[in-house]
Amino acid sequence: MEEINASSLYSLMGGETGIRTLVDRFYDVMDAAPEAKDVRVLHAATLKQSREKLFLFLSGWSGGPPLYIEKYGHPRLRQRHMPFSIGERERDQWLWCMNKALDESDYLPAVKEHLKTRFSEVADFMRNRSEGLQI
Ligand code: HEM
């Protein structure tokens with residue numbers, strides 16, 4: 001398979017429909033799985049806005065229409081996550097939900113692997129709580 005680049009990723013993810021499906025599955029998993037309870041409680045009672053914003057973001061992030069930027073400006077993702085305490089546990093639970101949603105998707109295996117790697121990098125970057133021993 002040819003190398004996955006930013007402009008091809010959007011179509012490899014199935015464009016708008018494919019990305020919405022992935023995001024919906026991701027938040028359905030987060031909403032229901034006891035394994036994700038610590039990351040779920042950080043979110044609002046309804047995940048409607050989270051679903052919409054993650055879809056808008058991933059559209060541009062994958063090389064498609066920059067919908068998030070058009071609506072909200074520069075994502076500044078790390079800064080926007082600062083109000084939430086994110087450590088290894090929250091990072092790992094977020095990734096667990098996303099990896100499950102990816103495993104259940106009909107994306108090509110190479111696309112799944114590519115996305116898992118990239119999401120794990122972004123999620124790790126979002127950590128803002130040190131796990132060090134507090135003395
Ligand atoms: C590392 C673990 C992560 C945690 C615990 C987390 C948690 C959250 C929370 C609590 C919100 C607010 C949503 C609400 O109030 O309902 C949010 C917003 C958002 N998250 Fe995450 N997130 C994580 C990783 C990521 C990653 C990896 C991405 C992108 C690939 C991402 C993209 C977004 C976007 C685009 C928003 C909307 C920002 C805004 O406009 O306010 N998040 N996240």
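**Close-up 1. Helix H4 and the shell around the ligand.** In this predicted model, helix H4, which runs over 48-61, gives the most to the shell around the ligand. Its share is 5 residues. Three other helices, H6 (77-80), H7 (88-104) and H8 (109-125), also chip in, with at least two residues each.

**Close-up 2. The ligand and its neighbours.** Here we count 22 residues surrounding the ligand. Who sits closest? That would be Ala 44, Lys 53, Phe 57, Trp 94 and Ala 123. Sort the whole shell by residue kind and you get 14 nonpolar, 4 polar and 4 charged residues.

**Close-up 3. Arg 76 in its loop.** Look in the loop between helix H5 (67-72) and H6 and you'll find Arg 76. Its backbone has a bit of a quirk: phi is positive, at about 40°, even though Arg 76 is not a glycine. Is Arg 76 buried or exposed? Arg 76 counts as exposed because just 10 other C-beta atoms lie within 10 Å, and the cut-off for exposed is 12 or fewer.

**Close-up 4. Glu 35 and its contacts.** Glu 35 belongs to the loop that links helix H2 (15-32) with helix H3 (37-40). With 15 other C-beta atoms within 10 Å, Glu 35 is partly exposed. Leaving out residues up to four places away in sequence, Glu 35 touches Gln 93 and Trp 96. Now find Asn 99: Glu 35 and Asn 99 are 64 residues apart in sequence, and their C-alpha atoms are 13 Å apart in space.

Note on methods
Residues are numbered from 1 along each chain as its sequence is written. This is a predicted model: local features need pLDDT of at least 70, side-chain atom pairs count only at pLDDT 80 or more; totals for chains, interfaces and linings use all residues. A residue is near a molecule or strand if its C-beta atom, placed from the backbone, lies within 6 Å of it. Helices (H or I, at least four residues) and strands (E, at least two) are DSSP runs, numbered from the N terminus. Ala, Val, Leu, Ile, Met, Phe, Trp, Tyr, Cys and Pro count as nonpolar, Asp, Glu, Lys and Arg as charged, and the others, Gly among them, as polar. A residue is buried if 20 or more other C-beta atoms lie within 10 Å of its own, exposed if 12 or fewer, and partly exposed in between; C-beta atoms are placed from the backbone. Two residues are in contact if their C-beta atoms, placed from the backbone, lie within 7 Å.
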